[in-house]
Each structure stands twice: as C-alpha cells, then as structure tokens.
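Colleague: Could you take me closely through the aromatic pairs, with the cut-offs behind each term?

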Amino acid sequence: MGLILKNVSKSFVKKQAVDNISLTLEKPGVYGLLGTNGAGKTTTIRMILGIIKKDSGEITWDGKEVTRENVNFGYLPEERGVYPKTKIMDQLMYFAELKGMKKKEAETEINKWAKELKVEEYLDMPAEKLSKGNQQKIQFMTAVIHKPELVILDEPFSGLDPVNTEILKNIIIDMVKEGKYVIMSAHQMATIEEFCSDILILNKGKTVLQGNLKSIKETYPANRVEIDTNKNIDTYVNELDLEVENETDNKYIIKINDEQKARKLLNTVIAEGISVNKFEIKKPTLNDIFIEKVGE
C-alpha cells in the first residue's frame, strides 16, 4: 500500500502549473504539501484524486494507476462546499450514499462523527445557521465518513477556534494510528511541523525542497536561542551584539549566527546571579526554511 507520484507534470494553456514533481507515501502518516498561492498544490491534489488528468508522469496507489474507482479517498478542499439551505443530516447522507454507503451504515457513522466533533445539535439545521467553524467540521465529516484509506486535507483548521482545532488535531492523530495516509496542505507552518515527518515545498510548479523534515532541519545551523530569566538581561544581550527577536516578561527569543555567543550569554547571566528557567538553542523553524526557499 502506498501513493507514488513520479515525474508528474501539468500545464494549462501556456502556464506550467506542475513541473516534473515526484513524491512517495510508503507508510501511514501525514505528508506536508506546501507552497505559496499558485505554486501548484491544488493542481497536484486534483491530479492525485483523478479530478483532472496529468499531462505526463505516473501516479499509482498500491502499485496501480490511480483512478477514482480504485482509490477510496476523502478530500477536504480549501474551497468550502456545504449547501446553505439544506439540512446537515440530509447533506451528510447524500455524500455518504455517493460513496456507496448504505443508509443504516451512513446514519451510524454520521451520529458517531457528530458526537466526536460536537455538532449533534446541528444535524437538523440548514448549514446557513451554523458558524464558519461548525460548517468546516461538517465538511470534514463528508471527507471521512466513508472510511477512506487516503485523506487529503487542504487548510483543515481554517475557521476553527483553539478548542475545535484541538479536537480535529486529535482526530487526525487517531486516523494515522488507524493506518490512514494523509496529505495535508496548510499555510500554518507550525501545524505542519507538529504533524508531518516528510514534506514537499513547491514554488511555481517546481519542487524546491523535499524530504524528512527532521533531516532537513539538521542541515541548517542554529539561528535562535530561547532564554527565560527572572530579570531583564538586555544589557548582556547588547554587550554581545545580539538581536532580540521577541521579549515578553523576561522570556527572550534572540537571533544568533554563532552558538558560542549563545553559550557565552548563558554563562554571563549565570555569573551575574540571574536565575535561568529555560535555555534552548534552536534550529530554524519550518517557517524560516519556507521563506528562504520561496520568499523571493
């Protein structure tokens, strides 16, 4: 089982939307598909799902050419698609039956997911009565209600408050434990770092970075130090000619290009009798790496 894209390309009129990209999902987990607006992410997703045809290359699932018949997939698009005047229960039943589910099985799954996502009270309401966040949860249900093997989530946390974001995060974690393959596209780099072991970054249709995120970060030198003290340490930071990126209540994020300066700062602060609650030298964030690769 697994998804493989090999040298896949797609153009529209004279624009090369996707240019010779490859990726492999060999085992269950969450794979990050990243890029700026217009980089080719949505086109790639639609080719994987068979919504549009590729111009060249191969897309296979479990060793077979991908078609909409041989891949049981779930898709949460960035563009939302609930019907505003239709009752939620009717919509969910409609989408479940489109995926081949029997009515009784669909009702069981709808009620299970409604309870898990805390939207039971809305099932008999038209979608227009729901908040944006609750509409988002309903659309997520349409993507997973039929128990797909491959799930593609495009901006899954859009419109969700912190409580509902946490609920959805836990569901995605459980999906991976159940052996699901998940492709996630999001602009929140911290979310991608939290979930994804492997990533692919697109820029203007081309792959600019790909691989295991931890291994990628190991190739970069540390660029920040986080230090939490019980007193202001601006004087010692300035003496070492360091730049403070952020400081709140004596919790500092300081830019560095030399780990020795960070350690010298720590030694100086300790020598001055200042308590240090936390000291951590940090590698670049995925956000840093993303901006470096596509920021121009």
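Modeller: What follows deals with the aromatic pairs, and then with the pocket that shares a residue with one group of them.

This is a predicted model, in which local features need pLDDT of at least 70 and side-chain atom pairs count only at pLDDT 80 or more, while totals for chains, interfaces and linings use all residues. Residues are numbered from 1 along each chain as its sequence is written, and side-chain values use heavy atoms, with hydrogens and water left out.

A pair of aromatic rings is described by the distance of the centres and the angle of the planes. Here rings of Phe, Tyr and Trp (for Trp, the six-membered ring) pair if their centres lie within 6.5 Å, and planes under 30 degrees apart count as stacked, over 60 as edge-to-face and the rest as tilted. By this rule the count comes to five aromatic pairs. One of them joins Trp-113 and Phe-140, an edge-to-face pair with 6.1 Å centre to centre and 80 degrees between the planes. Since Trp-113 lies in helix α3 (residues 103-116) and Phe-140 in helix α4, the pair ties together parts that are 27 residues apart in sequence; helices are DSSP runs of H or I with at least four residues, strands are E runs of at least two, and both are numbered from the N terminus. Trp-113 is buried, with a relative accessible area of 8%, and Phe-140 counts as buried at 2%, where buried means under 20% relative accessible area, exposed over 50% and partly exposed in between, for a 1.4 Å probe and protein chains only.

The rings of Phe-157 and Phe-195 have their centres 6.2 Å apart and their planes at 20 degrees, so this pair is stacked. Phe-157 sits in the loop between β7 (150-154) and α5 (162-177), and Phe-195 in helix α6 (residues 189-195), so that the pair links distant parts of the chain, 38 residues apart. Phe-157 counts as buried at 8% relative accessibility, and Phe-195 counts as buried at 14%.

Tyr-83, Tyr-94 and Phe-95 form one aromatic cluster. Phe-95 is also among the residues nearest the centre of the largest pocket, together with Phe-73, Tyr-75, Lys-99 and Thr-142, out of 19 that line this pocket. A pocket is an open set of points on a 1 Å grid over the protein atoms alone, where a 1.4 Å probe fits, with protein on both sides within 12 Å along at least five of seven lines, and lining residues have an atom within 4 Å of a point. The elements that give two or more residues to this lining are β6 (73-76), α2 (88-98) and α4 (132-144).
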